[in-house]
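Here are a few short exercises to work through with the structure open. Try each one yourself before reading the solution.

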Amino acid sequence: QVQLVESGGGLVQAGASLRISCAVSGRPVSTLTVGWFRQGPGKERESVAAIHWTGVIADSADSVKGRFTISRDNAENTVYLQLNRLKPEDTAVYYCAANIYGGVQGFDYWGQGTQVTVSS
């Protein structure tokens, strides 16, 4: 069974940076395709970034392109999302999700989320 635990969220000012983490247990992260999603207040869930189990990074959402970067540390069994030049509209609960040896669609395992709040 795959378990995902997000951490690292918080309250920051616009323009700041934050790194959030998705700690994986139950399987090596190198066997998982992992995606980051977010859901802002009153908004639908949005796919933000994903890293294929092969290590290939998928195209990120236009809204975060050039600001957010996904990475993976196999030794730590953790996937990170680096959030730079944060904007108030980035305020959301950020979730990581995973599937086993799958593509960047259709995730089977989800974490509980970490709140990121960006003040103007």
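**Exercise 1: the cysteine pair**

Cys-22 and Cys-96 are both buried. Keep in mind that this is a predicted model.

Task: work out whether Cys-22 and Cys-96 form a disulfide, and describe the link.

Solution:
- Start with the sulfur atoms: those of Cys-22 and Cys-96 sit 2.1 Å apart.
- Now apply the cut-off, which asks for cysteine sulfurs within 2.5 Å. The pair does form a disulfide, and the structure holds one such bond.
- Next, find what gets linked. Cys-22 lies in strand E3 and Cys-96 in strand E8 (residues 92–100), so distant parts of the chain, 74 residues apart, are joined.
- Finally, check the handedness: the angle about the S-S bond is 70°, and the link is right-handed.

**Exercise 2: the sheet**

Task: which strands stand at the edges of the open sheet, and why is one side of each left without a neighbour?

Solution:
- Write down the strand order first: four strands run E1-E3-E7-E6, with antiparallel pairing, in an open sheet.
- Read off the ends. Strand E1 (3–7) and strand E6 (68–73) are the edge strands; each has a single partner, so one of its sides has no neighbour in the sheet.
- Add the twist, which averages 20° from one strand to the next.

**Exercise 3: one strand pair**

Task: how many bridges join E1 and E3, and in which sense do they pair?

Solution:
- Recall that strands of a sheet pair through backbone hydrogen bonds, either parallel or antiparallel.
- For E1 and strand E3 (residues 18–25), the sense is antiparallel, over five bridges.
- To pick out a spot on screen, look for Leu-4, which stands opposite Val-24 in E3.

Technical notes. Residues are numbered from 1 along each chain as its sequence is written. This is a predicted model: local features need pLDDT of at least 70, side-chain atom pairs count only at pLDDT 80 or more; totals for chains, interfaces and linings use all residues. Side-chain values use heavy atoms; hydrogens and water are left out. Two strands pair if DSSP finds at least two bridges between them. Helices (H or I, at least four residues) and strands (E, at least two) are DSSP runs, numbered from the N terminus. Axes are lines fitted to C-alpha atoms, for helices over the stretch in contact, and angles run from 0 to 180 degrees between N-to-C directions. Buried means under 20% relative accessible area, exposed over 50%, partly exposed in between (1.4 Å probe, protein chains only).
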